[in-house]
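Colleague: Please pick one charged side chain in this model and look at it closely. Then place it against the other charged pairs and the contact between the chains. I would like the answer in plain words, in one piece.

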Amino acid sequence: MKRRMKLVCLFLSMLITLTACSPGEKTALDPKNPVSITLWHYYVGDNKIALEKAVDAFNTSVGSEKGVVVNAVAKGSVAELEKAVTDAANGVINAESMPDVFSCYPDKALEIDGLGKLCDLNDYFTKAEKVQYVEEFLNSGQFDGERLLILPIVKSTELLYVNETAWNEFAAESGLDASKLGTWEGVYAAAQAYYKWTDAQTPTIVGDGKSLMGVDSVANYVIIGNKQLGVEVIDGENQQVVLNKDVMKKIFDTYYGGMSLGYFNAVGKFRSDDIKAGDLVAYVGSSSGAAYFPTWIEKDNTQQPINFLALSYPVFSGGSPDAIQQGAGMSVTNSTPDKQEGAAVFLKWFTAEAQNIDFAMTTGYLPVQAGAYENEAFKTSLETLSTGTDTDQNIAKVYEIALDQIMERETYASLPFKGSYEVRTTLEKSLMAMGEAGRQNAVVLKEQGLSEEEILAALDLNARFEEWLTVIRSQLDESGIAYVEK
Amino acid sequence: MKKTWTLRRQLNILLALIVTFQSVALLSALWVSQVFFMLDAEAVRLLNNTTETRKKTFDASVGQTIANVADETEQLNAALILLAQQQGSAPNALYLNDSAYNETALRASQSLVTILKENQVTGAFFVLNGSNSNKGDPAAHSAVYIRNSTPDSGVTSNYLMEIGPIAVSKQYTMATSIRWDLDLRRENSAGAFDFYEKPIWASSQFKNAEMERYGYWSPPRDLLQDNQQVVTYTLPILDENGNGYGVMGIEIDMPYFSQQYLPDSDLLYHNSFYVITQMIDQTLNLDWFIPSGVLAETYLKSGEQLTLTKGQDKGIFETRLGALGTMVASVQKLKVYSDNSPFADQNWTLACLVPKDVLRENSVSVREKLIYSILMTTVLAFGAVFVLVYFFTRKISRLSKYVRELSPYDEIYFKPTGMREVDDLTAAVQLLNQRLMNVSKTTSKILELSLLPIGGYEVLENSQVILTDFVYWLLHLEPGSVITLDDWSRYYLQLTKKPVAGQENIYEYYDAYTEKQMWLRILEAKSPNGLVGVIQDVTDDIEEKRRLTNELDYDALTGLFSNTALKRETTRRIAEKPNEIGAMIFIDLDNLKYINDTFGHDVGDRLIIRASEIFRYFEQFGGIVSRISGDEFAIYLHDCGNQEELRQKIKNLYPYGKSFLLTTPDGNENQICFSAGVAWYPQDASNVLELLKRSDFAMYEAKHKEKGCLFEFNREYYQQMSYLLENREAINRLLDEQLIRFAFQPIVDLKSGEIMGYEALMRPLLENFKNPREILAVAAAQSKLAQLERMIILMAFQTLDKHAEELGERKIFINSIPSQRLNDEDHLFVEMQYRQYFKQVIIEVTEEDSRNIELLSEKIRFIKNNGMAIALDDFGSGYSNEIRILSLLPDIIKIDMEMIQGINNNVDKQNLVANLVNFCHNKGVKVVAEGIEASNDLATVIAMGIDYAQGFYLGQPMFEFAAIDPELQNEIRELQKKAIQNSLEE
């Protein structure tokens, strides 16, 4: 009797263990009592609308089947989102409570994970599911070897947007070729020429030349410039910042010089806005901004149509043709099993090819699943775009370049380490400040009637460079981030 | 039989009933109190409260927004009127001039940004009556449309310009949208531009009214064709005359609307949702609606008319909604318009819909849980009852099981149960058992000590057989070994195999083990649960009986048949051949008494043996030779030819017997003499007892008439003398039981006429005897005279003693047997006991036999010595030596009635009596005249001087002491006087 009882107990316990082990069977979700998932994102405009539509679609289909309701909350910019998340994670007074899912860059993910607030998505994604993602994209969300803290949602790269109408007008006059725009040196030279050409158009007014070039993300410019020149300024492997003076000097000179002398500019919120206002002819910016590139610009209170030329990201001469690869993924907060699982269910659904392509192609993002690139729908969509409205055609052009960069050329995403996001900010803000200061100084000098060379000399690029480095060093020291100089 | 249940079951049922009753009572109480439905009401109230709170929050928030927007619009109106004046144009023409428009746009943007900053809206816009960039296009309206994707953050950096001049974008460093445009285009479809037209229309209707009155809420629509449904609130831009030339508005997109104004967090119940829509007459008109979330979007169908039915509480309705089933709706009217607004009839209504079953979930759940709890509690209570009752009654069950399984041989020991009553009971039983065992032991011991070979067995229905040690011993089994029912049936068969014929329950049993023949008595009786039996070894009894039977059949001394054997065998032979002739010979040895007296009993025995050898003579004829008793023998011959032949054979006995001699110790060889009588079958008698009697009588005759001879039965003689024989037994009985009584005949004193005494006359109480003479005769024949004498004397004294007072001084005459006298012991007894009566007693004796005169005189002397008187009875009846007797000097002489009767006319008798009287008087002897039966005889004897008289004339014998008749007394006195006179005369 007693032996039989033991056997039965053994059998039952084995059964329970087996049941518990079998994946996919057990769920914390209950369709009758759906779990509410709050999603914070930084998308705006059409991306926001597209996300909200996707969330609606999810809620009424898979979500309602499995018992997940997602509430998408726009948190404005990346910076605002990250502040809100950091505040929430740190439990700052008056901060909102942590969302269940949020858009997140790797650097931030590391920080939040350091607070123990992130969930390892490996628990919710099988190997088979994970291999569907582009390995490189997935890797950028993987930390400490295995922990998958970020699921890639969409990716983007940067390229050179050109108001072809304006460029052609200038090119026809200057005899410059668009191929000049392949290098930063070429860009700089073309911008210089453009400035002079426009300045010459109003002979009565000296120094009213127009800017040709804009840089949307200065940080990316610094990082990818370093990379092109063989330096990883954010050395994730060694968890330090590498300040290579020669490389940094080249980068500094191009930007600082361009900005100071008005070759480069940044007026509106985004460089695409500057294009729309007719303040710029070209800029380097994210492929995800493709839709924002206008088909017309406002001129004299009227709409003036323009053409669009998409070019690859410029390369410092002698550098490798690297372009940035970026894009926030989404992280899931360490919360309750049902919320974590609900979030994972949403992310799986959202990054599945059909939804992912729809969302990505709203503005020019790249899907994250390898299969998407072979997907007929994706290809058809691209073709539809290339024969669609002007905006659609613009997007198609961006995809052409972006896909070329992703598939054929090198794209680079710095390996993050703790504080590396601050490094980005430091690099960007310090350089932008330097540029702004340079421009203001230059304006004064211009009024004094100094030539461009004289102005440059007066500005003392070497000294300014050292100043920049000093700012960088001090900020890194302040943040306690290690750096080496070379 | 009354059904019995175990204590355990009864307790179980009782307690289970209590538990059940309690549970049922609890359920009933809950049902009656309707507690659950209170929960339902509470849920509805809660729902109503929540919805009302939401409405208030919404109203407050929206009201504030309206106020802000109205305020801002009024400021803008004023600013634009001023601007138009500066530009030298009318406000409604501001769009026509580029710079004027730029100014206008920038000023409007300022208001829009302010609105966006201050209010929780997702967009704000400003639309003019015409297009600056497309002046010829009537469908185009110059507009500024700014959206804020993060209304809650208060950050302006996320503002996105959908429509407007780039100057505005630059002014506020505001990104432009993908669909950035300069104009808002009027759609052709009807109502699509209501947000623009309605407020302006309203302003035209109510001139100079407060701004809020013109406000218009447009239902959700995709205003910018970007897939974003938005709700707008617009106010007119008015010129100084109050004519509208544009609108200023806010936009709330659907996601934000639901997040901000209809938050899920508000909802108390799952599967519930808010919706804002138009409500008309209890119907939710879903032509447009603002859903709170996914559920509302899923289950509410655009264009549907959702009819509500009024519920119990105010603002509570019910409706059916697809898969969600019956919904409870809490409805609150929203205040988005002033009461005086022309659009107030749009009835914006907030409804919160909850599935009815969800609303009642709590109460259902509580109900279920409560019922489950009660059921569980009940089940647990049952379990507890069973377990507790089990443990409670286990001891008692064990006890009863223990008792059931007890063997009668076991000593009882009860384990204590801890229950005092039960333990007391068991202790009592234990004590009883102890006593019973003691009794049983004692009984066994007694049985054992009694040496009775007896044993018992009990066959129980439950196939158990219990044996006592004796039975084990009998069957040669180990004592105490277990005997099954099968074993026992085998043993039983073996024991009862040979029943003894004619003797119930006795079985012959051969014990093969000891090779002994045994007899057993086996008795069985039913017992309540089987049967019990007793086995007794009766071997000894049987053998003894057989031996006794043998002894009874044969005479021990002679080896002849016994008396009983003779009777049995004779009866048998007669029965076998009743038609043959038989002869019963009764023989009595003549001189056994002499031999015994002379030589002792040993020689007497030898004589008997010797005699028996003679009588065996008849054995050759098949005779049954038996010794009846002492010296009496009887032989029966049957079927030995005819009577003559048989007689001859019998007669030959004497010659045959001559050769048998008995040598006595004195050396003489004596012939053996015997007398014999023969009675014939069937001539004299037909059964053995009669034959014996008749032959005995014949022998008796021989003995009396001719000793040593054989007499045949003589019927005439027998009839004459039979009473002597027949009453042989009777006399013994009479003597043993003193079956006599006394009659008293008065004896009268002839001088005084008084009764001087009574003669006690013996009267037999047995019918066998007709008179005292026969008693005397039989007693004499049976040599019982001594006993008779003793009885008469003793009884006479007893009677005297008893009637002493009645008798007074009078005498008693007692008849005594002359040849007998009391032995010394009896004499002593009488003397001790009755001495005082001696002087009253007169002993009457008769002289019958001259041989006994010596004996008589001795007796008389003996009586006289005792002070008693002697009377000589029947004097003159013919005995020869009367005179001689007189010499014995008796006190009284009673003259026989032969001499008295007829004396009056018989001179001989007169002479004889006169002489006798004379003689007696001379000697001092009184004279009694017996048999006075006539008056003249009385007169004669009185005249002759006789002293006393008795006779029928004077008084018959009676069983009482009769008094004398007074007449008779007078007669006697007269006669006496006469006699005295006569003698004086002489």
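**A charged residue and its partners**

Modeller: Asp947(B) counts as buried, with a relative accessibility of 5%, because the cut-off for buried is under 20%. Keep in mind that this is a predicted model.

In chain B, Asp947(B) sits in the loop that runs between α30 (935–943) and β37 (948–949). What is Asp947(B) in contact with, once its neighbours within four places in sequence are left aside? The list has two stretches of numbering: Val748(B), Asp749(B), Leu750(B) and Lys751(B), and then His921(B), Val925(B), Lys926(B) and Val927(B).

One of these contacts, Lys751(B), is also a salt-bridge partner: the closest N and O atoms of Lys751(B) and Asp947(B) are 3.4 Å apart. Lys751(B) belongs to the loop between β30 (740–749) and β31 (755–764) of chain B, while Asp947(B) is in the loop between α30 and β37, so the pair ties together parts that are 196 residues apart in sequence. The two ends differ in how they are covered. Lys751(B) is partly exposed, with a relative accessible area of 46%, whereas Asp947(B) is buried at 5%. The general idea behind such a pair is simple: side chains of opposite charge can pair when their charged atoms come close.

Now compare a pair within one helix. Lys593(B) and Asp597(B) form a salt bridge through their side chains, at 3.5 Å from N to O. Both residues are in helix α15 (residues 592–599) of chain B, and since they are 4 residues apart, about one helical turn separates them. Here both ends are exposed: Lys593(B) at 62% relative accessibility, and Asp597(B) at 59%.

Another pair in chain B is Arg835(B) and Glu831(B), whose closest N and O atoms are 2.6 Å apart in their salt bridge. Arg835(B) is partly exposed at 48% relative accessibility, and Glu831(B) is partly exposed at 22%.

Chain A has a linked set as well: Lys245(A), Glu466(A), Arg473(A) and Glu485(A) are joined in a network of salt bridges. Over all chains, the search of the whole structure gives 56 salt bridges.

A charged residue can also have a polar contact. Glu158(A), in strand β7 (residues 154–163) of chain A, is buried at 1% relative accessibility. A side-chain polar contact of 3.0 Å joins Glu158(A) to Asn220(A). Beyond four places in sequence, Glu158(A) touches residues including Ser217(A), Tyr313(A), Ile324(A) and Gln405(A). Gln405(A) is 247 residues from Glu158(A) along the chain, yet their C-alpha atoms are separated by 8.9 Å.

Next, the contact between the chains. 40 residues of chain B are in contact with 38 residues of chain A. Together the two chains bury about 3100 Å², of which 53% is on carbon and sulfur atoms. On the side of chain B, the residues that lose the most area to chain A are Ile178(B), Trp180(B) and Val294(B), which together account for 20% of what that side buries.

How many salt bridges does the rule find across the interface of chain B and chain A? It finds 3. A salt bridge between the two chains joins the side chains of Asp279(A) and Lys170(B), at 2.8 Å from N to O. Between the chains there are also 18 residue pairs in polar contact. On chain B, α3 (98–118), α4 (166–171), β4 (175–181), α6 (254–261) and α7 (294–299) each supply at least two residues of the side that touches chain A. The largest share of that side, 7 residues, comes from β4(B). By class, the side has 12 nonpolar, 19 polar and 9 charged residues.

A last point is confidence. Chain A has an average pLDDT of 88, and 95% of its residues score at least 70. Among the elements of chain A, helix α1 (residues 2–21) has the lowest mean pLDDT, 50, and strand β8 (residues 213–215) the highest, 95. Over residues 16–24 of chain A the pLDDT stays under 50, and the model has 0 contacts for them beyond four places in sequence. Where pLDDT is low, the predicted coordinates should not be read in detail.

Definitions and conventions:
Residues are numbered from 1 along each chain as its sequence is written. Chains are lettered from A and ligands numbered from 1 in the order in which they are written. This is a predicted model: local features need pLDDT of at least 70, side-chain atom pairs count only at pLDDT 80 or more; totals for chains, interfaces and linings use all residues. Side-chain values use heavy atoms; hydrogens and water are left out. Buried means under 20% relative accessible area, exposed over 50%, partly exposed in between (1.4 Å probe, protein chains only). Contact means heavy atoms within 4.5 Å. pLDDT is the predictor's confidence in each residue, from 0 to 100. Buried area is the accessible area (1.4 Å probe) that two parts lose on being put together, summed over both. A salt bridge is a side-chain nitrogen of Lys or Arg within 4 Å of a carboxyl oxygen of Asp or Glu. A polar contact is a pair of N or O atoms within 3.5 Å; within protein, one must be able to donate a hydrogen and the other to accept it, and residues adjacent in sequence count only if both atoms are side-chain atoms. Ala, Val, Leu, Ile, Met, Phe, Trp, Tyr, Cys and Pro count as nonpolar, Asp, Glu, Lys and Arg as charged, and the others, Gly among them, as polar.
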